[in-house]
Amino acid sequence: MGKQPGDKMDEIDEALKKILPRKRYRHSQGVRYTACALAMAHGADIPKAEMAGLLHDCAKYMSDKVLYRTSKKYDIDLSEAEERNPALIHAKVGEYFAKTKYKVTDPEILSAIRYHTTGRADMTLLEKIVFTADYIEPMRFKSAHLPEIRRAAFCDLDEGVYLILSDTLHYLANSTKDIDKTTAEAYNFYKEIHDRKSKHSEDVS
Ligand code: DGI
Ligand code: FE
Ligand code: FE
């Protein structure tokens, strides 16, 4: 029998199981099926969401030093915040590995991997789905607001993205870590959508 449509996903799954630490592999599975569920709720392409969710942290097994060296080796452009916080680079190196090691060519999947950590202003539907799935998958317990964020993610994805970015910026503001320009732009963009909706519901009530 020839190759079946799910074969590539299975092959990538096997490879990730070998390379990722156990907890990271389980998180990737969580993001994989949460991305599928969000794609169902919001009418996105389910196999693309599944592939992007599965692969989003494919570079997360590397140390900061190796991530930094790898980005320089392959001429990957880094922002100032990435230069100073190399952990952020796993998103861009992940996109590079998805392309080169895992032979993903779909630009929508690749950009969903690239922006899964910082988000960005005016994300595509697939980018929002992977960004959100990463934060709300069942094994996550980082945020006190998770129940509210999980509910929002399935009803109003832009509101879910806003709540996640708001949580992340509060966390970063209370740490010594730099805020990436892309994260700040993403926050401003989704805050404006949030504020517009709040104003509208005030006006009509
Ligand atoms: O790789 P994961 O742990 O699954 O999740 P992730 O890729 O979303 O990375 C989460 C971390 O990224 C979290 O600790 C917050 C951090 N982060 C997100 N935006 C920024 C940031 N860190 C810095 N320094 N600057 C940012 O703008
Ligand atoms: Fe990540
Ligand atoms: Fe992740």
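Asp57 forms a bridge between two metal ions, the iron ion (ligand 3) and the iron ion (ligand 2), and in this predicted model these two ions lie 3.5 Å apart. The iron ion (ligand 3) is held by four residues, namely His27, His56, Asp57 and Asp134, while the iron ion (ligand 2) is coordinated by Asp57, His90 and His116. The points below go through each iron site in turn, and then turn to helix H3, to His56 and to the salt bridges.

**The iron ion (ligand 3)**

- The atoms that coordinate the iron ion (ligand 3) are NE2 of His27, NE2 of His56, and an OD oxygen from each of Asp57 and Asp134, at 2.2 Å.
- Read along the chain, the donors of the iron ion (ligand 3) follow the spacing H-x28-H-D-x76-D.
- Distant parts of the chain are linked by the pair His27 and His56, which are 29 residues apart, since His27 belongs to helix H2 (residues 22-42) and His56 to the loop between helix H3 (46-55) and helix H4 (64-73).
- His27 counts as buried because its relative accessibility is 5%, which is under the 20% cut-off for that word.
- His56 is buried as well, with a relative accessible area of 0%.

**The iron ion (ligand 2)**

- The iron ion (ligand 2) is coordinated by an OD oxygen of Asp57 and by the NE2 atoms of His90 and His116, at distances of 2.1 to 2.2 Å.
- The spacing of these donors along the chain is D-x32-H-x25-H.
- His90 lies in helix H6 (residues 90-100), whereas His116 lies in the loop between helix H7 (107-114) and helix H8 (125-136), so this pair ties together parts of the chain that are 26 residues apart in sequence.
- His90 is buried, having a relative accessible area of 5%, and His116 is buried too, with a value of 2%.

**Helix H3 and its surroundings**

- Helix H3 is mostly covered, for eight of its 10 residues are buried.
- The buried residues of H3 are Lys48, Ala49, Glu50, Met51, Ala52, Gly53, Leu54 and Leu55.
- The elements that cover these buried residues include helix H1 (7-19) together with H2, H6, H7 and H8.
- At the start of H3, a side-chain oxygen of Asp45 comes to within 3.0 Å of the backbone nitrogen of Lys48.

**His56 in the loop after H3**

- His56, one of the residues that coordinate the iron ion (ligand 3), is found in the loop between H3 and H4.
- The side chain of His56 reaches back to the backbone oxygen of Gly53, at 2.8 Å.
- The side chains of His56 and Asp57 are joined by a polar contact of 3.0 Å.
- If residues up to four places away in sequence are not counted, His56 touches His27, Ser28, Val31, Ile113, His116, Val130 and Asp134.

**Salt bridges**

- The count of salt bridges in the model comes to 17.
- One of them pairs Glu108 with Lys48, and here the closest N and O atoms are 2.8 Å apart.
- Glu108 is in helix H7 and Lys48 is in helix H3, so this pair ties together parts of the chain that are 60 residues apart in sequence.
- Glu108 is partly exposed, with a relative accessible area of 37%, whereas Lys48 is among the buried residues of H3.
- Asp134, which also coordinates the iron ion (ligand 3), meets Arg140 in a salt bridge between their side chains, with a distance of 3.1 Å from N to O.
- Both Asp134 and Arg140 are buried.
- The side chains of Asp195 and Lys191 form another salt bridge, at 2.7 Å from N to O.
- Asp195 and Lys191 both belong to helix H11 (residues 181-204), where they are four residues apart, or about one turn of the helix.
- Asp195 counts as partly exposed at 35% relative accessibility, and Lys191 is likewise partly exposed, with a relative accessible area of 28%.
- Asp13, Arg32 and Glu50 are joined into one network by salt bridges that share partners.

Definitions and conventions
Residues are numbered from 1 along each chain as its sequence is written. Chains are lettered from A and ligands numbered from 1 in the order in which they are written. This is a predicted model: local features need pLDDT of at least 70, side-chain atom pairs count only at pLDDT 80 or more; totals for chains, interfaces and linings use all residues. Side-chain values use heavy atoms; hydrogens and water are left out. Donors are N, O and S atoms within 2.8 Å of the metal (3.2 Å for Na, K and Ca); water is not among the atoms, so sites may look incomplete. Helices (H or I, at least four residues) and strands (E, at least two) are DSSP runs, numbered from the N terminus. Buried means under 20% relative accessible area, exposed over 50%, partly exposed in between (1.4 Å probe, protein chains only). Contact means heavy atoms within 4.5 Å. A polar contact is a pair of N or O atoms within 3.5 Å; within protein, one must be able to donate a hydrogen and the other to accept it, and residues adjacent in sequence count only if both atoms are side-chain atoms. A salt bridge is a side-chain nitrogen of Lys or Arg within 4 Å of a carboxyl oxygen of Asp or Glu.
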